[in-house]
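Open the model in your viewer and keep the sequence panel beside it. This tour goes from one selection to the next and says what is there.

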Amino acid sequence: MSGRFAPRPTRTTVRGGHVVVPGGAAGQVPHQTADPGRVRTWTPDGPLDLGLVLGPLRRGPGDPTFRTTPDGSVWRTSRTPAGPGTLRVALRGGVVRGTAWGPGAEWLLDRLPDLLGAADDPGAFEPRHRLVALARHRRPGLRLVRTGLVMESLIPSVLEQKVTTDEAYRAWRLLVRKFGEPAPGPAPERMSVLPAPRTWALIPSWEWHRAGVDDKRAATILRAVRVAARLEEAVGLDPVQARRRLELVPGVGPWTSAEVVQRSHGSADSVTVGDLHLPGIVGWALAGDRDADDSVMLELLEPYAGQRHRAARLILLSGRTPPRRTPKMPRTDIGLL
């Protein structure tokens, strides 16, 4: 039966990065509201695909902090240094229009180009394999997102440790909806801003349990939020130094730190190690080796030194994955125990 059905998306394949953004009618602008918000326009210097760039920020189809709408807009919420904010991004005729609401609106708009990959340099990447070259040709709008925020990527990454995609996304959805705050402005229904660090610290143990989060992951998040200010300062460090600081928190290892700086820093070289699926996918795509481990994956990606994360994303986007040989990882909901 192996290989007869397309593999179910995992966190790894989702991180390959394509979120479907509705095209909307030609020339259509996002709907207007009573509160027009603050607006900024920006013209990228090359192709830009919102679904590819912002896709890694979505934690499942029910993510309260991320939404796409039929008019072709991408909505997301953030807790910025200036406070909570809602950002709507739309691309029309090669021009990006960002609209923001809330205390964090100016902060979000100031960093809109960086968010959409203005600091990224796709031209620095040189494909070394035909499959990678073809994936890049088919996805010219891929740029690496850079949020400039650490905790909004660290907490969901910790929730994703050692569990299935469904479990991790469910925990994020339940906790943010229950303990976050409503998104500022005219955001789509049920969008929320992730809780402040102190709010995370005050979540009762039984609420973690109900969300299906075991004591180990909950404890890691609690340790992280106690030093949230120091962790947020890591955005001013280079990715290697930032990862060292993150990994000072017990429970945060190389897998988690890479997942964070890929989003917070737009790090082109921070390839994820310790992943259940990624080594086998890279090994299969580049060498026909479905049993590749991290050491083999890193050896195969060595020709892309400095750009290994981008290479891995393009491999994921190529769709070349080994056929499944075993059942998917079983889901265990501790909230029902």
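How many of the 337 residues of the protein chain, as a percentage, count as buried? The answer is 50%. Keep in mind that this is a predicted model.

**Whole chain**

Select the protein chain and colour by pLDDT. The mean is 91. A pLDDT of 70 or more is reached by 88% of the residues. Now show secondary structure. The chain has 16 helices and seven strands. Contacts with a separation of 6 or more are mostly long in sequence: 70% of them join residues 24 or more positions apart.

**Residues 1-10**

Select residues 1-10. Here pLDDT stays under 50. The model has 12 contacts for this stretch beyond four places in sequence.

**The five-stranded sheet**

Next, select the strands of the open sheet. There are five, in the order E1-E5-E4-E3-E2, and the pairing is antiparallel. Strand E1 (38-42) and strand E2 (66-68) are the edges, each pairing on one side only. On average, neighbouring strands of this sheet are turned by 20 degrees against each other, direction ignored.

Walk across the sheet from E1. Antiparallel to E5, strand E1 is joined to it by five bridges. Pick arginine 40: its bridge partner in E5 is glycine 98.

Now select strand E5, residues 95-101. Is E5 largely enclosed or not, and why? Five of its seven residues are buried, so the rest of the structure largely encloses E5.

Add strand E4, residues 83-92. E4 and E5 are antiparallel and pair over seven bridges. Two cross-strand pairs are worth picking. Alanine 90 is opposite arginine 97 in E5. Valine 89 is opposite glycine 98 in E5. Glycine 98 is also the residue that partners arginine 40.

Go to the turn. The hairpin of E4 and E5 has two residues between the strands. Glycine 93 in this hairpin takes a positive phi near 60 degrees. Colour E4 by accessibility: nine of its 10 residues are buried, leaving the strand mostly covered.

Step on to E3. Seven bridges link E3 and E4, again antiparallel. Serine 78 has glycine 85 in E4 as its bridge partner. The hairpin from E3 to E4 also runs through two residues.

Finish at the edge. Strand E3 spans residues 74-80, and its antiparallel pairing with E2 has three bridges. Here threonine 68 faces valine 74 in E3.

**Helix H6**

Select residues 151-159, helix H6. How many of its nine residues are buried? Nine of the nine are, so H6 is largely enclosed by the rest of the structure. Show the side chains to see which they are. They run from the start of the helix: Met151, Glu152, Ser153, Leu154, Ile155, Pro156, Ser157, Val158 and Leu159.

**Helices H5 and H16**

Select H5 (residues 130-138) together with H16 (residues 308-318). Their axes are 9 Å apart, and the helices pack at an angle of about 80 degrees. H5 and H16 are therefore roughly perpendicular. On the H5 side the contact uses Leu131, Val132, Ala135 and Arg136. On the H16 side it uses Leu314, Ile315 and Ser318.

Stay with H16. Of its 11 residues, 10 are buried, so H16 is largely enclosed by the rest of the structure. Among the buried residues are Arg308, His309, Arg310 and Arg313, as well as Leu314 and Ile315. Just after the helix comes glycine 319, with a positive phi of about 80 degrees.

Back on H5, pick histidine 137. Is histidine 137 buried or exposed? It is exposed, at a relative accessible area of 63%. Draw a line from histidine 137 to leucine 314. The two are 177 residues apart in sequence, but 10.0 Å apart in space, C-alpha to C-alpha.

**Helices H12 and H13**

For the last stop, select H12 (residues 239-246) and H13 (residues 254-264). Their axes come within 9 Å and cross at roughly 130 degrees. That angle makes H12 oblique to H13. The crossing is right-handed. Show side chains at the contact. H12 brings Pro239, Ala242, Arg243 and Leu246. Across from them, H13 brings Pro254, Ser257, Ala258, Val260 and Val261.

How values were computed:
Residues numbered from 1 in each chain as written. Heavy atoms only, no water. pLDDT = per-residue confidence, 0-100. Contact = heavy atoms within 4.5 Å. Pairing = 2+ DSSP bridges. Helix = DSSP H or I, 4+ residues; strand = E, 2+ residues; numbered from the N terminus. Axes fitted to C-alpha atoms, helices over the stretch in contact; angles between N-to-C directions. Buried < 20%, exposed > 50% of the residue type's maximum accessible area, 1.4 Å probe, protein only. Parallel < 35°, antiparallel > 145°, perpendicular 65-115°, else oblique. Left-handed = near helix turned anticlockwise from the far one by under 90°.
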